[in-house]
Number of protein chains: 2
Amino acid sequence: MNLIDANTPEKIRLTVDDAVQLGESALKGIGYTEDEARVITHHLLDNSLCGYEFAGLPRILAIANSPELQKPRYPVKVIHETPVSALLDGGNHVGYISVNAAAELAIQKVATSGIAVVGVANSWFSGRNAYYLEKIARAGYVGIHTVSGSPMVVPIGAKRPALGTNPIAFAFPGQVDPFIFDMGTGATMWGEVLLHAFLEKDFPEVVGVDANGAPTKNAKEIVNGGVIPFAGHKGYGLSLAVQALGLLAGAKMRAGNVSDFGFLFIAFDPEIMMPAAEFKAQLAELLQNIKNLPRQDGVDEIRIPSERSCRERELRREQGILLQRRVYDQLMEMQAVHG
Amino acid sequence: MNLIDANTPEKIRLTVDDAVQLGESALKGIGYTEDEARVITHHLLDNSLCGYEFAGLPRILAIANSPELQKPRYPVKVIHETPVSALLDGGNHVGYISVNAAAELAIQKVATSGIAVVGVANSWFSGRNAYYLEKIARAGYVGIHTVSGSPMVVPIGAKRPALGTNPIAFAFPGQVDPFIFDMGTGATMWGEVLLHAFLEKDFPEVVGVDANGAPTKNAKEIVNGGVIPFAGHKGYGLSLAVQALGLLAGAKMRAGNVSDFGFLFIAFDPEIMMPAAEFKAQLAELLQNIKNLPRQDGVDEIRIPSERSCRERELRREQGILLQRRVYDQLMEMQAVHG
């Protein structure tokens, strides 16, 4: 049942079940298999439920319109494998599929070997890193996930980009919810640059350089230049480390260009170090100690990363999700035209 | 042969061999075994050679004067072990010994299993993280090293510290030298706070809070308060992730307090992903591409982390190292009194 929300008439409220059906049908309409449509939609819905509306079903339109994703796809395959590792060829799939396959293989390998490194390249954008890490953490494992990408970030001292926005993320299993932390290593996200450029809005501070390498707050200039690393030399070094880890994920193997995405997971069972229950209890105590600290004036609560999105999700599972009417109509059309 | 340097009469220049002998003799003078003295001195000398003068032989005075290190020590021992992991009890040793043992065990385990996690707690300061990671990288392996420590860093929104300055470091084997990146997650290093307090010098910007949680640039106030994370929420989240990894290294096992140091290594052979030579070639190309980028005005060279210290070391191996005469005299006295 779709209800038009009285407060936001340009948006439609969908139950989770209806949203799943809409997403899956639209994807099948543009040629994705039943399984692929299910995997992609599950990720996108989870993004919406966690409060990342723009990372939700609207991404299906981006998938439909991406020239890269119109190129031939083939099943994700293992290029190299050991009991503690695997390197995958992502088959030119969107990361929602191939990175999910890598995360699931990492979980399988940790279950038998205690630890694993799994990398995948020849793939495109993968959505929210926490989505994959949450699977690993809910399986009971610790996970580190890095993603190297196309040149957008300018090394300190340089005029042109050579590094991706290169996020790094960590996840730990918890007594109830996992603790997950995910960060990019650019001074701003590339999506923010595009959004600011579209809105013709400057950034409040210098976050990039123009095409000539001159520092600028202007988003349109940054689109043709690059983003600077966050926090100076620390952000630069971290970005470079993530780029190097991306090479180990096969980032360079496809096109001989480091601009390719390289998705790497390192995951291990806490049991290889100590009883998992003991680790979870200690982690809970650490996080609770932090939450119990005396607070700065005006601070209601000391936040733990990933805590908010878990709460949001509970709430929205009941309330359903909001979708722009324009997006809803286009998704309906996709299933009608191609279905 | 010791030469008094004409340009710095308060300093003495020592050949590497003489410096090694001085360090080892002083340590044996205060009760360290032949082996322990060798391991500690090798690390301290390497710090000096890489240009970190204060992290060199003067640290022997700190070791001699640390009340914690006067407590009984026992050999580093394995508490828990699998083919891919080990948790060590550091035996109340200074980290120079126990963290070195952890790094060497990690190398052994990677040699047989392809990957390993090794943690050590019940230990004290460990010096330069890059020292341990360089061993791992020169053995041909990729390494990640995190260190959780005593509460010095204040979570966002809090008034009191709950996290260590919690460094995280990465190392990759190279065709010649490894690429190593090491960063702390506080807005400044604790050593800088102590130095500024000693010199009665303010920081140029707010890097901490006072005992009441009020933001301050004053180093003496920060000593009684805490340091803020670098880069706001990103630094806070990263610090928290490192603290959680420290739990897996056994940080809490000794005294039931997360303030203990927790040293963790994750290391793996690039061969589990791809031929090591291929990885090294790709890494060299990535770094060279960065060095070849057009540079900002006034920039002579785009720096790669760890590059400078490798160069310094080559130079200083020939020139020898400089030591404060006061430190030299004290070290001579240690070997005379106790030797």
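How many salt bridges are there between domain 1 of chain A and domain 2 of chain A? In this predicted model, the count is one salt bridge. The pair consists of A:D46 and A:R128, whose closest N and O atoms lie 2.6 Å apart. This distance falls under the definition of a salt bridge, because the nitrogen of Lys or Arg must be within 4 Å of a carboxyl oxygen of Asp or Glu.

The two partners were delimited by the domain assignment of chain A, in which domain 1 comprises 11-68 + 320-338 and domain 2 comprises 73-276. Taken over C-alpha atoms, the centres of domain 1 of chain A and domain 2 of chain A are separated by 23 Å. To their contact, domain 1 of chain A contributes 15 residues, and domain 2 of chain A likewise contributes 15 residues.

The size of an interface is often expressed as the accessible area lost when the parts come together. Between domain 1 of chain A and domain 2 of chain A, the buried area is about 1400 Å², with 60% of this area given by carbon and sulfur atoms.

Polar contacts were also counted, and seven residue pairs of this kind, both residues at pLDDT 80 or more, link domain 1 of chain A with domain 2 of chain A. On the side of domain 1 of chain A that touches domain 2 of chain A, α2 (34-49) and α3 (59-65) each supply at least two residues. The largest share of this side, eight residues, comes from α2(A). By class, the side of domain 1 of chain A that touches domain 2 of chain A holds seven nonpolar, four polar and four charged residues.

How values were computed. Residues numbered from 1 in each chain as written. Chains lettered and ligands numbered in written order. Predicted model: local features only at pLDDT ≥ 70, side-chain atom pairs only at ≥ 80, totals over all residues. Heavy atoms only, no water. Domains from an automatic or database assignment. Contact = heavy atoms within 4.5 Å. Buried area = accessible area lost by both parts, 1.4 Å probe. Salt bridge = Lys/Arg side-chain N within 4 Å of Asp/Glu carboxyl O. Polar contact = N/O pair within 3.5 Å; in protein donor to acceptor, adjacent residues only side chain to side chain. Helix = DSSP H or I, 4+ residues; strand = E, 2+ residues; numbered from the N terminus. Nonpolar A, V, L, I, M, F, W, Y, C, P; charged D, E, K, R; others polar.
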